[in-house]
Amino acid sequence: MKRIFNFNAGPSTLPTEVLMEAKEELLDFRNSGISIMESSHRAKLYDDVHNEAIDLIRELYKVPKDYHILFLQGGASLQFAMVPMNLYLGNCAQYADTGSWSTKAIKEAKIQNVNYKIVASSKESGYDRIPKDINFSDEADYAYITSNNTIYGTQYKEFPKTKAPLVIDASSDILSYPVNWERIDLMFAGAQKNVGPAGVTIVIIKDSLLDRVKENVPTMLRYKTHAQKNSLYNTPPTFGIYMINLMMKWLKRKGGVEEIAKINAKKAKILYDTIDNSEGFYVGHAQKDSRSLMNVTFNIKDKNKELEEKLVKLAEKNEMIGLKGHRSVGGLRASIYNAMPIEGVEKLAKLMEEFRKEYQ
Ligand SMILES: *Cc1c(COP(=O)(O)O)cnc(C)c1O
């Protein structure tokens, strides 16, 4: 069997251990004689998997009791539209613009004629940072941020303080470090970066927000529908939720969110040190105090496309894939989510160093 290091931004690498478990029980799940994929979503066989997944997320992420944890579909991108549908009260919605994903969320508010305001943006500097002193109005219906900017490689080190409900798109850093729920009212994330395969969106929402939804919002697009039915109003993406279940058990074995956060910091440091100690050969895209621990974005001196391509190709030859930067920023990007082993990062750092010595 061949397993290579996969630095793709999403869908991204999953632990070999977890894939082996899924393989092991694919045909006969828990002695039932059927695959979990074939189970009715109303059967106890599936129900246990579903509830274990929810309970494990709550336990590992320390989600307080007065929040619902939902499994939805439509990707993080549907959340861009569902947030205003469910939370906007006709007053004002406030956004921090830190890149393409925030821009797309703002676009959905605009479509719904939301009176929105962009209170801070790092667009002018090519989204290379998280703006300082973001001031959301306490009176806003909600305040919106993207905690980790997958494309640009920037990440909030602290969430802005506001009395308005804070909505966080945490698609690329959910469950990668402990968060303070006192500051968070709604968090959402597509599972395919840090938690499992594509097809499931995790929404963690404070109960007090569930009743805001407008009368003309379709049943399937109401958080309340899914909260009342424990995400079983209709058929949920059962196999994806099963994979999340396995991922959460894996995370627990790793020591939980606190431990994985330490490992993630260590992994990021290896790559950022390689960049910083390269005498200008590698240039990080993000300002140092905004650097992401999940997506390390960088160029080669003078944005040398030829050398960048060469490095991507050389990495592929050495069984490391997915290092090409997003088409909107170019350069290179190493996505090093929870499931990327430290060995993968060390191998990449070593190759970067050898490459530099050859071409600097
Ligand atoms: C990938 C990503 C999205 C889009 O997720 P989909 O599930 O493809 O809709 C949104 N926000 C962030 C921060 C992302 O990284």
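In what kind of crossing, left-handed or right-handed, does α8 pass α9? Hold that thought for a second, everyone. One thing to say up front: what you have on the screen is a predicted model.

Okay, back to the helices. The crossing of α8 past α9 is right-handed. In general, two packed helices are described by the angle between their axes and the distance between the axes. Here, α8 covers residues 305–317 and α9 covers residues 342–359, and they pack at about 135° with axes 11 Å apart. That angle makes α8 oblique to α9, because it would have to be over 145 degrees to count as roughly antiparallel.

So who is doing the touching? From α8 we have Leu307, Lys310, Leu311, Leu314 and Ala315, and from α9 we have Leu351, Met352, Phe355 and Tyr359. Sorted by class, that contact has 8 nonpolar residues, 1 charged residue and no polar ones.

Now let's move to the sheet. Strands of a sheet pair through backbone hydrogen bonds, either parallel or antiparallel. Ours is an open sheet of 3 strands in the order β11-β12-β14, and the pairing is antiparallel. The edges belong to β11, at 282–284, and β14, at 332–335; each has a single partner strand, so one side of each has no neighbour in the sheet. From one strand to the next, the twist averages 35°.

If you'd like to zoom in, look at β11 next to β12, which is residues 295–300: those two strands pair over 3 bridges in the antiparallel sense. One of the residues to find there is Tyr282, whose bridge partner in β12 is Ile300.

What packs on this sheet? Helix α7, residues 256–276, does, touching β11, β12 and β14, and its direction makes about 20° with that of β12. And our friend α8 comes back here: α8 lies across β11, β12 and β14 too, running at about 130° to β12. So keep α8 in mind as you rotate the model, because α8 packs with α9 and is oblique to that helix.

Last stop, a single residue: Thr219. You'll find Thr219 in the loop between β10, at 201–206, and α5, at 223–228. Is Thr219 buried, exposed or partly exposed? With a relative accessibility of 40%, Thr219 counts as partly exposed. Leaving out residues up to four places away in sequence, Thr219 touches Thr225 and Tyr233. Tyr233 is 14 residues away from Thr219 along the chain, and the C-alpha atoms of the two are separated by 9.6 Å.

That's my tour, thanks for listening!

Conventions:
Residues are numbered from 1 along each chain as its sequence is written. This is a predicted model: local features need pLDDT of at least 70, side-chain atom pairs count only at pLDDT 80 or more; totals for chains, interfaces and linings use all residues. Side-chain values use heavy atoms; hydrogens and water are left out. Axes are lines fitted to C-alpha atoms, for helices over the stretch in contact, and angles run from 0 to 180 degrees between N-to-C directions. Helices (H or I, at least four residues) and strands (E, at least two) are DSSP runs, numbered from the N terminus. Angles under 35 degrees count as roughly parallel, over 145 as roughly antiparallel, 65 to 115 as roughly perpendicular and the rest as oblique. A crossing is left-handed if the near helix is turned anticlockwise from the far one by less than a right angle, and right-handed if clockwise. Contact means heavy atoms within 4.5 Å. Ala, Val, Leu, Ile, Met, Phe, Trp, Tyr, Cys and Pro count as nonpolar, Asp, Glu, Lys and Arg as charged, and the others, Gly among them, as polar. Buried means under 20% relative accessible area, exposed over 50%, partly exposed in between (1.4 Å probe, protein chains only). Two strands pair if DSSP finds at least two bridges between them.
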